[in-house]
Amino acid sequence: MPELSVVIVAPDSEQRAVLQVLVDGTSVARTVHTCANFPVATADPVVRRVQSANADVVLVDIPSDNSVLALRAIELLHQEMPECALFAIGNMEQPQVIVSAMRAGAREFIERPTTTTDLLEAFVRLTTAQRKTRREGSRGKVFTVVNAKGGSGATTVAVNLALALQAAHGNVALIDLAPLGHAALHLNLKPLFTVADAIRNLHRLDSSLLESFMTRQTGGLQLLAGTNIPATAEPSTAEFARLFDMLVNHYHYIVVDTSSRLDGATRLVCNLSETVLLVGHTDVASLWSAARVLQYLGETGGRERVRLVLNRFRKVPGFTEADAEAAAGTKLLWKIPNQYFAVSSAIDRGIPLMSQNHTEIARSFTALATILTQHDEEAKRTAWSLFKTV
Ligand SMILES: Nc1ncnc2c1ncn2[C@@H]1O[C@H](COP(=O)(O)OP(=O)(O)OP(=O)(O)O)[C@@H](O)[C@H]1O
Ligand SMILES: [Mg+2]
(Lines give C-alpha, C1' and ligand atoms only; values in the text may rest on other atoms or scores of the structure.)
(Ligands and ions follow the chains in the order given, each with its own letter.)
Protein backbone atom coordinates (compact mmCIF):
# COMPACT_ATOMS: atom_id res chain seq x y z
CA MET A 1 0.00 0.00 0.00
CA PRO A 2 1.50 3.40 -0.93
CA GLU A 3 2.02 5.86 1.91
CA LEU A 4 -0.75 8.46 2.16
CA SER A 5 0.08 12.04 3.02
CA VAL A 6 -2.25 13.59 5.57
CA VAL A 7 -3.07 17.14 6.70
CA ILE A 8 -4.66 17.60 10.14
CA VAL A 9 -6.96 20.56 10.79
CA ALA A 10 -7.82 20.81 14.50
CA PRO A 11 -8.10 23.96 16.63
CA ASP A 12 -7.33 22.11 19.87
CA SER A 13 -3.56 21.70 20.20
CA GLU A 14 -3.78 18.53 22.30
CA GLN A 15 -6.17 16.88 19.80
CA ARG A 16 -3.85 17.94 16.95
CA ALA A 17 -0.89 16.25 18.60
CA VAL A 18 -2.91 13.10 19.40
CA LEU A 19 -4.15 12.81 15.80
CA GLN A 20 -0.62 13.23 14.46
CA VAL A 21 0.65 10.37 16.65
CA LEU A 22 -2.28 8.18 15.57
CA VAL A 23 -1.83 8.91 11.84
CA ASP A 24 1.91 8.24 11.92
CA GLY A 25 1.24 5.13 14.01
CA THR A 26 -0.77 3.51 11.21
CA SER A 27 2.51 3.23 9.23
CA VAL A 28 0.52 3.57 5.98
CA ALA A 29 0.15 7.34 6.31
CA ARG A 30 2.28 10.31 7.31
CA THR A 31 1.30 13.74 8.62
CA VAL A 32 2.66 16.35 6.21
CA HIS A 33 1.05 19.46 7.70
CA THR A 34 -1.10 20.54 10.66
CA CYS A 35 -3.41 23.58 10.96
CA ALA A 36 -4.91 25.21 14.03
CA ASN A 37 -7.47 27.31 12.13
CA PHE A 38 -10.47 26.40 10.03
CA PRO A 39 -10.51 28.14 6.66
CA VAL A 40 -13.50 30.48 6.34
CA ALA A 41 -13.30 31.59 2.70
CA THR A 42 -11.83 30.43 -0.60
CA ALA A 43 -9.10 33.04 -0.42
CA ASP A 44 -8.14 32.04 3.13
CA PRO A 45 -4.38 31.32 3.36
CA VAL A 46 -5.23 28.09 5.23
CA VAL A 47 -6.78 26.73 2.00
CA ARG A 48 -3.60 27.55 0.09
CA ARG A 49 -1.40 25.94 2.73
CA VAL A 50 -3.49 22.76 2.70
CA GLN A 51 -3.46 22.72 -1.12
CA SER A 52 0.30 23.13 -1.31
CA ALA A 53 0.79 20.21 1.11
CA ASN A 54 -0.59 18.09 -1.75
CA ALA A 55 -2.27 15.71 0.67
CA ASP A 56 -4.24 12.55 -0.10
CA VAL A 57 -6.34 12.98 3.03
CA VAL A 58 -7.37 15.93 5.22
CA LEU A 59 -8.56 15.12 8.74
CA VAL A 60 -10.93 17.78 10.08
CA ASP A 61 -11.61 17.66 13.80
CA ILE A 62 -15.16 18.83 14.60
CA PRO A 63 -15.34 20.30 18.15
CA SER A 64 -18.44 19.08 20.05
CA ASP A 65 -19.32 22.56 21.26
CA ASN A 66 -18.94 24.38 17.95
CA SER A 67 -19.39 22.43 14.74
CA VAL A 68 -20.39 25.28 12.43
CA LEU A 69 -16.90 26.44 11.46
CA ALA A 70 -15.62 22.88 11.03
CA LEU A 71 -18.52 21.96 8.73
CA ARG A 72 -17.98 25.12 6.68
CA ALA A 73 -14.26 24.17 6.41
CA ILE A 74 -15.16 20.70 5.09
CA GLU A 75 -17.43 22.25 2.48
CA LEU A 76 -14.77 24.73 1.39
CA LEU A 77 -11.95 22.18 1.21
CA HIS A 78 -14.16 19.76 -0.69
CA GLN A 79 -14.98 22.48 -3.19
CA GLU A 80 -11.36 23.60 -3.61
CA MET A 81 -9.74 20.15 -3.55
CA PRO A 82 -12.33 17.67 -4.88
CA GLU A 83 -9.74 14.93 -5.47
CA CYS A 84 -8.59 15.00 -1.83
CA ALA A 85 -10.38 12.71 0.67
CA LEU A 86 -11.85 14.49 3.70
CA PHE A 87 -12.22 12.56 6.95
CA ALA A 88 -14.26 14.17 9.71
CA ILE A 89 -13.46 13.34 13.33
CA GLY A 90 -16.28 13.98 15.78
CA ASN A 91 -18.78 12.93 18.35
CA MET A 92 -20.97 9.98 17.31
CA GLU A 93 -23.73 11.19 19.62
CA GLN A 94 -24.45 14.16 17.34
CA PRO A 95 -26.23 12.55 14.37
CA GLN A 96 -27.07 15.92 12.82
CA VAL A 97 -23.38 16.80 12.70
CA ILE A 98 -22.55 13.46 11.08
CA VAL A 99 -25.18 14.00 8.38
CA SER A 100 -24.04 17.59 7.78
CA ALA A 101 -20.37 16.55 7.57
CA MET A 102 -21.14 13.87 4.98
CA ARG A 103 -23.31 16.31 3.00
CA ALA A 104 -20.51 18.88 3.09
CA GLY A 105 -18.22 16.35 1.41
CA ALA A 106 -16.65 14.20 4.16
CA ARG A 107 -15.85 10.71 2.97
CA GLU A 108 -15.60 9.20 6.44
CA PHE A 109 -16.88 10.15 9.88
CA ILE A 110 -14.55 8.77 12.55
CA GLU A 111 -15.46 8.68 16.22
CA ARG A 112 -13.58 10.69 18.85
CA PRO A 113 -11.67 9.49 20.86
CA THR A 114 -10.05 7.97 17.80
CA THR A 115 -7.79 4.94 17.67
CA THR A 116 -5.02 3.98 15.26
CA THR A 117 -7.19 1.06 14.11
CA ASP A 118 -10.09 3.40 13.20
CA LEU A 119 -7.74 5.48 11.07
CA LEU A 120 -5.97 2.49 9.55
CA GLU A 121 -9.30 0.98 8.47
CA ALA A 122 -10.41 4.26 6.89
CA PHE A 123 -7.08 4.59 5.02
CA VAL A 124 -7.34 1.02 3.71
CA ARG A 125 -10.93 1.65 2.56
CA LEU A 126 -9.74 4.72 0.69
CA THR A 127 -6.81 3.08 -1.11
CA THR A 128 -8.90 0.02 -2.01
CA ALA A 129 -11.56 2.23 -3.57
CA GLN A 130 -8.93 4.29 -5.43
CA ARG A 131 -7.22 1.17 -6.76
CA LYS A 132 -10.58 -0.16 -7.97
CA THR A 133 -11.47 2.98 -9.95
CA ARG A 134 -7.96 3.19 -11.37
CA ARG A 135 -8.21 -0.40 -12.52
CA GLU A 136 -11.67 -0.11 -13.98
CA GLY A 137 -10.65 3.00 -15.82
CA SER A 138 -7.46 1.69 -17.28
CA ARG A 139 -7.32 -2.08 -17.46
CA GLY A 140 -5.46 -3.19 -20.56
CA LYS A 141 -7.04 -5.41 -23.21
CA VAL A 142 -5.77 -8.85 -24.08
CA PHE A 143 -5.70 -10.30 -27.60
CA THR A 144 -4.69 -13.94 -27.80
CA VAL A 145 -3.45 -15.60 -30.98
CA VAL A 146 -4.04 -19.36 -31.19
CA ASN A 147 -3.19 -21.74 -34.01
CA ALA A 148 -5.81 -23.92 -35.62
CA LYS A 149 -2.93 -26.18 -36.65
CA GLY A 150 0.85 -26.06 -36.16
CA GLY A 151 2.63 -23.64 -38.49
CA SER A 152 -0.51 -21.66 -39.48
CA GLY A 153 1.19 -18.38 -38.63
CA ALA A 154 0.16 -17.56 -35.04
CA THR A 155 3.57 -16.14 -34.15
CA THR A 156 3.73 -14.05 -37.31
CA VAL A 157 0.26 -12.64 -36.54
CA ALA A 158 0.99 -12.05 -32.83
CA VAL A 159 4.34 -10.32 -33.43
CA ASN A 160 3.10 -8.04 -36.21
CA LEU A 161 -0.21 -7.26 -34.49
CA ALA A 162 1.72 -6.29 -31.34
CA LEU A 163 4.02 -4.04 -33.41
CA ALA A 164 1.04 -2.43 -35.17
CA LEU A 165 -0.69 -1.77 -31.83
CA GLN A 166 2.55 -0.37 -30.39
CA ALA A 167 2.93 1.98 -33.37
CA ALA A 168 -0.68 3.18 -33.08
CA HIS A 169 -1.15 3.36 -29.30
CA GLY A 170 2.09 2.55 -27.41
CA ASN A 171 2.38 0.67 -24.10
CA VAL A 172 1.97 -2.79 -25.61
CA ALA A 173 3.32 -6.09 -24.27
CA LEU A 174 3.76 -9.30 -26.21
CA ILE A 175 3.60 -12.42 -24.06
CA ASP A 176 5.02 -15.60 -25.54
CA LEU A 177 3.24 -18.65 -24.11
CA ALA A 178 4.00 -20.95 -27.05
CA PRO A 179 5.34 -24.45 -26.28
CA LEU A 180 8.65 -23.19 -27.69
CA GLY A 181 8.97 -19.42 -27.81
CA HIS A 182 9.76 -18.06 -31.27
CA ALA A 183 8.67 -14.43 -30.82
CA ALA A 184 12.16 -13.27 -29.72
CA LEU A 185 13.61 -14.77 -32.93
CA HIS A 186 11.04 -12.96 -35.06
CA LEU A 187 11.98 -9.70 -33.32
CA ASN A 188 15.73 -10.44 -33.30
CA LEU A 189 15.86 -9.96 -29.52
CA LYS A 190 18.01 -11.81 -27.01
CA PRO A 191 15.96 -11.98 -23.84
CA LEU A 192 17.61 -12.43 -20.46
CA PHE A 193 14.36 -13.50 -18.82
CA THR A 194 11.27 -15.46 -19.75
CA VAL A 195 7.68 -15.97 -18.58
CA ALA A 196 9.04 -18.61 -16.17
CA ASP A 197 11.06 -15.93 -14.31
CA ALA A 198 7.99 -13.72 -13.93
CA ILE A 199 5.96 -16.66 -12.63
CA ARG A 200 8.73 -17.74 -10.24
CA ASN A 201 8.80 -14.25 -8.74
CA LEU A 202 5.04 -13.70 -8.56
CA HIS A 203 5.14 -13.36 -4.76
CA ARG A 204 7.18 -10.13 -5.08
CA LEU A 205 6.16 -9.02 -8.56
CA ASP A 206 5.46 -5.31 -8.80
CA SER A 207 5.49 -2.97 -11.81
CA SER A 208 9.23 -2.37 -11.79
CA LEU A 209 10.17 -6.02 -11.36
CA LEU A 210 7.72 -6.94 -14.13
CA GLU A 211 9.37 -4.38 -16.44
CA SER A 212 12.79 -5.79 -15.63
CA PHE A 213 11.72 -9.19 -16.99
CA MET A 214 10.61 -7.66 -20.29
CA THR A 215 12.87 -7.32 -23.34
CA ARG A 216 12.39 -4.03 -25.14
CA GLN A 217 12.24 -3.77 -28.92
CA THR A 218 13.48 -0.51 -30.54
CA GLY A 219 9.93 0.68 -31.28
CA GLY A 220 9.02 0.33 -27.59
CA LEU A 221 7.19 -3.01 -27.74
CA GLN A 222 7.94 -5.06 -24.61
CA LEU A 223 8.33 -8.80 -24.92
CA LEU A 224 7.93 -11.30 -22.11
CA ALA A 225 9.83 -14.03 -23.84
CA GLY A 226 8.77 -17.66 -24.07
CA THR A 227 10.54 -20.77 -23.02
CA ASN A 228 13.47 -22.21 -24.96
CA ILE A 229 13.16 -25.59 -23.26
CA PRO A 230 10.14 -27.61 -24.33
CA ALA A 231 8.00 -29.32 -21.67
CA THR A 232 9.30 -27.61 -18.54
CA ALA A 233 7.19 -27.74 -15.35
CA GLU A 234 4.00 -25.87 -16.12
CA PRO A 235 2.81 -23.15 -13.77
CA SER A 236 -0.72 -23.49 -12.47
CA THR A 237 -3.52 -21.52 -14.07
CA ALA A 238 -3.87 -19.56 -10.80
CA GLU A 239 -0.30 -18.34 -11.31
CA PHE A 240 -1.11 -17.25 -14.86
CA ALA A 241 -4.20 -15.47 -13.57
CA ARG A 242 -2.04 -13.46 -11.15
CA LEU A 243 0.49 -12.66 -13.85
CA PHE A 244 -2.21 -11.41 -16.21
CA ASP A 245 -3.81 -9.38 -13.44
CA MET A 246 -0.49 -7.52 -13.20
CA LEU A 247 -0.14 -7.21 -16.95
CA VAL A 248 -3.57 -5.66 -17.52
CA ASN A 249 -2.84 -3.11 -14.84
CA HIS A 250 0.42 -2.17 -16.49
CA TYR A 251 -0.08 -2.26 -20.27
CA HIS A 252 -2.65 -0.76 -22.58
CA TYR A 253 -2.74 -3.78 -24.89
CA ILE A 254 -1.39 -7.27 -24.30
CA VAL A 255 -0.93 -9.64 -27.22
CA VAL A 256 -0.44 -13.30 -26.33
CA ASP A 257 1.09 -15.86 -28.67
CA THR A 258 0.00 -19.34 -27.61
CA SER A 259 0.70 -20.84 -31.08
CA SER A 260 -0.14 -24.54 -30.77
CA ARG A 261 -0.29 -24.70 -26.98
CA LEU A 262 -3.64 -26.14 -25.93
CA ASP A 263 -3.94 -26.48 -22.16
CA GLY A 264 -5.46 -24.83 -19.11
CA ALA A 265 -3.21 -21.77 -19.48
CA THR A 266 -4.42 -21.15 -23.05
CA ARG A 267 -8.02 -21.59 -21.97
CA LEU A 268 -7.56 -19.19 -19.07
CA VAL A 269 -5.85 -16.52 -21.19
CA CYS A 270 -8.53 -16.89 -23.89
CA ASN A 271 -11.16 -16.32 -21.22
CA LEU A 272 -9.40 -13.13 -20.14
CA SER A 273 -9.16 -11.92 -23.73
CA GLU A 274 -11.14 -9.28 -25.53
CA THR A 275 -10.75 -11.26 -28.76
CA VAL A 276 -9.15 -14.60 -29.52
CA LEU A 277 -7.65 -14.78 -33.01
CA LEU A 278 -7.82 -18.35 -34.26
CA VAL A 279 -5.33 -18.55 -37.12
CA GLY A 280 -5.94 -21.07 -39.89
CA HIS A 281 -5.57 -21.59 -43.62
CA THR A 282 -8.22 -21.99 -46.29
CA ASP A 283 -7.99 -25.78 -46.48
CA VAL A 284 -10.11 -28.59 -45.12
CA ALA A 285 -7.61 -29.87 -42.54
CA SER A 286 -6.97 -26.41 -41.15
CA LEU A 287 -10.66 -25.48 -40.90
CA TRP A 288 -11.49 -28.87 -39.38
CA SER A 289 -8.78 -28.25 -36.76
CA ALA A 290 -10.11 -24.73 -36.16
CA ALA A 291 -13.51 -26.20 -35.27
CA ARG A 292 -11.88 -28.68 -32.83
CA VAL A 293 -9.80 -25.95 -31.17
CA LEU A 294 -12.88 -23.73 -30.91
CA GLN A 295 -14.75 -26.56 -29.22
CA TYR A 296 -11.87 -27.10 -26.78
CA LEU A 297 -11.70 -23.41 -25.88
CA GLY A 298 -15.50 -23.19 -25.68
CA GLU A 299 -15.69 -25.90 -22.99
CA THR A 300 -14.69 -23.31 -20.40
CA GLY A 301 -16.79 -20.53 -21.95
CA GLY A 302 -15.76 -17.62 -24.08
CA ARG A 303 -16.55 -19.23 -27.43
CA GLU A 304 -18.12 -15.96 -28.57
CA ARG A 305 -14.77 -14.16 -28.25
CA VAL A 306 -13.10 -16.39 -30.84
CA ARG A 307 -12.73 -15.09 -34.42
CA LEU A 308 -11.19 -16.78 -37.40
CA VAL A 309 -8.14 -15.24 -39.08
CA LEU A 310 -7.34 -16.76 -42.46
CA ASN A 311 -3.61 -16.52 -42.97
CA ARG A 312 -1.92 -17.03 -46.36
CA PHE A 313 -5.35 -16.34 -47.77
CA ARG A 314 -6.11 -17.60 -51.22
CA LYS A 315 -9.37 -17.74 -53.06
CA VAL A 316 -10.55 -21.29 -53.63
CA PRO A 317 -12.98 -21.62 -56.56
CA GLY A 318 -16.39 -22.77 -55.32
CA PHE A 319 -15.48 -22.24 -51.66
CA THR A 320 -16.77 -18.97 -50.16
CA GLU A 321 -15.89 -17.14 -46.95
CA ALA A 322 -19.28 -18.20 -45.58
CA ASP A 323 -18.22 -21.82 -46.22
CA ALA A 324 -14.99 -21.23 -44.29
CA GLU A 325 -16.96 -19.73 -41.38
CA ALA A 326 -19.36 -22.66 -41.38
CA ALA A 327 -16.51 -25.20 -41.43
CA ALA A 328 -14.62 -23.50 -38.59
CA GLY A 329 -17.78 -22.68 -36.61
CA THR A 330 -16.85 -19.05 -36.05
CA LYS A 331 -17.01 -15.66 -37.77
CA LEU A 332 -14.22 -14.51 -40.01
CA LEU A 333 -12.38 -11.50 -38.63
CA TRP A 334 -9.54 -10.98 -41.09
CA LYS A 335 -7.68 -12.33 -44.11
CA ILE A 336 -3.91 -11.99 -44.39
CA PRO A 337 -2.31 -12.24 -47.84
CA ASN A 338 -0.01 -15.06 -48.78
CA GLN A 339 3.47 -13.60 -49.21
CA TYR A 340 5.91 -16.35 -48.51
CA PHE A 341 9.07 -14.55 -49.53
CA ALA A 342 8.34 -11.38 -47.52
CA VAL A 343 7.24 -13.31 -44.41
CA SER A 344 9.95 -15.95 -44.34
CA SER A 345 12.79 -13.53 -45.04
CA ALA A 346 11.41 -11.19 -42.32
CA ILE A 347 11.63 -14.08 -39.83
CA ASP A 348 15.05 -15.24 -41.05
CA ARG A 349 16.53 -11.74 -40.89
CA GLY A 350 14.74 -10.82 -37.65
CA ILE A 351 13.27 -7.71 -39.27
CA PRO A 352 9.51 -7.98 -38.75
CA LEU A 353 7.14 -7.08 -41.55
CA MET A 354 5.88 -4.09 -39.61
CA SER A 355 9.40 -2.67 -39.55
CA GLN A 356 9.55 -2.85 -43.35
CA ASN A 357 7.19 -0.10 -44.36
CA HIS A 358 4.55 -0.04 -47.03
CA THR A 359 4.28 -3.72 -47.84
CA GLU A 360 0.78 -4.98 -48.49
CA ILE A 361 1.08 -7.42 -45.61
CA ALA A 362 2.22 -4.70 -43.16
CA ARG A 363 -0.85 -2.64 -44.14
CA SER A 364 -2.97 -5.68 -43.46
CA PHE A 365 -1.66 -5.90 -39.86
CA THR A 366 -2.15 -2.16 -39.34
CA ALA A 367 -5.77 -2.50 -40.46
CA LEU A 368 -6.27 -5.54 -38.20
CA ALA A 369 -5.01 -3.51 -35.22
CA THR A 370 -7.42 -0.70 -36.15
CA ILE A 371 -10.39 -3.06 -36.31
CA LEU A 372 -9.55 -4.62 -32.96
CA THR A 373 -9.34 -1.25 -31.22
CA GLN A 374 -12.06 0.67 -33.01
CA HIS A 375 -14.45 0.56 -30.02
CA ASP A 376 -11.74 2.00 -27.78
CA GLU A 377 -11.29 4.86 -30.23
CA GLU A 378 -15.07 5.43 -30.41
CA ALA A 379 -15.27 5.42 -26.59
CA LYS A 380 -12.47 8.00 -26.46
CA ARG A 381 -14.24 10.20 -29.01
CA THR A 382 -17.56 9.97 -27.12
CA ALA A 383 -15.88 10.88 -23.85
CA TRP A 384 -14.29 13.87 -25.55
CA SER A 385 -17.54 15.10 -27.10
CA LEU A 386 -19.40 14.71 -23.78
CA PHE A 387 -16.62 16.64 -22.12
CA LYS A 388 -16.94 19.44 -24.66
CA THR A 389 -20.68 19.87 -24.13
CA VAL A 390 -20.31 20.33 -20.34
N1 LIG B 1 1.05 -14.58 -44.53
C2 LIG B 1 2.00 -15.47 -44.82
N3 LIG B 1 2.39 -15.69 -46.08
C4 LIG B 1 3.33 -16.58 -46.38
N5 LIG B 1 3.95 -17.33 -45.47
C6 LIG B 1 3.62 -17.18 -44.19
C7 LIG B 1 2.62 -16.25 -43.78
N8 LIG B 1 2.51 -16.30 -42.44
C9 LIG B 1 3.40 -17.25 -42.02
N10 LIG B 1 4.06 -17.78 -43.08
C11 LIG B 1 5.09 -18.84 -43.02
O12 LIG B 1 4.64 -19.85 -42.14
C13 LIG B 1 5.70 -20.28 -41.31
C14 LIG B 1 5.20 -20.45 -39.90
O15 LIG B 1 4.92 -19.18 -39.36
P16 LIG B 1 4.84 -18.94 -37.80
O17 LIG B 1 6.11 -19.34 -37.14
O18 LIG B 1 4.33 -17.58 -37.59
O19 LIG B 1 3.71 -20.00 -37.47
P20 LIG B 1 3.21 -20.61 -36.09
O21 LIG B 1 1.80 -20.95 -36.34
O22 LIG B 1 3.51 -19.70 -34.98
O23 LIG B 1 4.10 -21.93 -35.97
P24 LIG B 1 4.26 -22.90 -34.69
O25 LIG B 1 3.13 -23.86 -34.77
O26 LIG B 1 5.59 -23.53 -34.91
O27 LIG B 1 4.25 -22.07 -33.49
C28 LIG B 1 6.81 -19.26 -41.42
O29 LIG B 1 8.01 -19.88 -41.75
C30 LIG B 1 6.38 -18.30 -42.48
O31 LIG B 1 7.34 -18.26 -43.47
MG1 LIG C 1 4.60 -20.09 -33.21
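Two strands pair if DSSP finds at least two bridges between them. Keep that in mind for this tour of a predicted model.

**Stop 1: strand 7**

Select residues 172–176, which form strand 7. Five of its five residues are buried. In a regular strand the side chains alternate between the two faces of the sheet. Check each face here in turn. Val172, Leu174 and Asp176 lie on one side, and Ala173 and Ile175 on the other. Both faces are covered.

**Stop 2: the neighbours of strand 7**

Add residues 253–259, strand 10. This strand pairs with strand 7 in the parallel sense, over five bridges. Pick Ala173 and look across to strand 10: Ile254 stands opposite.

Now add residues 222–224, strand 9. Three bridges join strand 9 to strand 7, and the two run parallel. Which residue of strand 9 is the bridge partner of Leu174? It is Leu223.

**Stop 3: ligand 1**

Centre the view on ligand 1 and show its shell of 21 residues. The closest are Gly153, Thr155, Thr156, Ser259 and Ser344. Colour the elements that give two or more residues to this shell: helix 6 (154–169), strand 12 (306–313) and helix 14 (340–349). Helix 14 provides the largest share, four residues. Then colour the shell by residue type. Six residues are nonpolar, 14 are polar and one is charged.

**Stop 4: helix 1**

Move to residues 13–25, helix 1. Its end C-alpha atoms are 18 Å apart. That agrees with the expected span, because 13 residues at 1.5 Å a residue should also give 18 Å.

Select Leu19, Leu22 and Val23, which are buried in helix 1. They sit on the same side of the helix, because they cover an arc of only 100 degrees around the axis. An α-helix has 3.6 residues a turn, so residues three or four places apart point the same way. Turn to the face directed away from the buried side. Here are the exposed residues Ser13, Glu14 and Val21.

**Stop 5: past the end of helix 1**

Step on to Ser27, just after helix 1. Its phi is positive, about 60 degrees.

Finish at Val28, in the loop between helix 1 and strand 2 (29–35). Why does Val28 count as partly exposed? It has 15 C-beta neighbours inside 10 Å, whereas a buried residue needs 20 or more and an exposed one has 12 or fewer. Last, show Glu3 as well. Val28 and Glu3 are 25 residues apart in sequence, yet their C-alpha atoms are 4.9 Å apart in space.

Conventions:
Residues numbered from 1 in each chain as written. Chains lettered and ligands numbered in written order. Predicted model: local features only at pLDDT ≥ 70, side-chain atom pairs only at ≥ 80, totals over all residues. Near = placed C-beta within 6 Å. Nonpolar A, V, L, I, M, F, W, Y, C, P; charged D, E, K, R; others polar. Expected span 1.5 Å × (residues − 1). Arc of directions from axis to C-beta.
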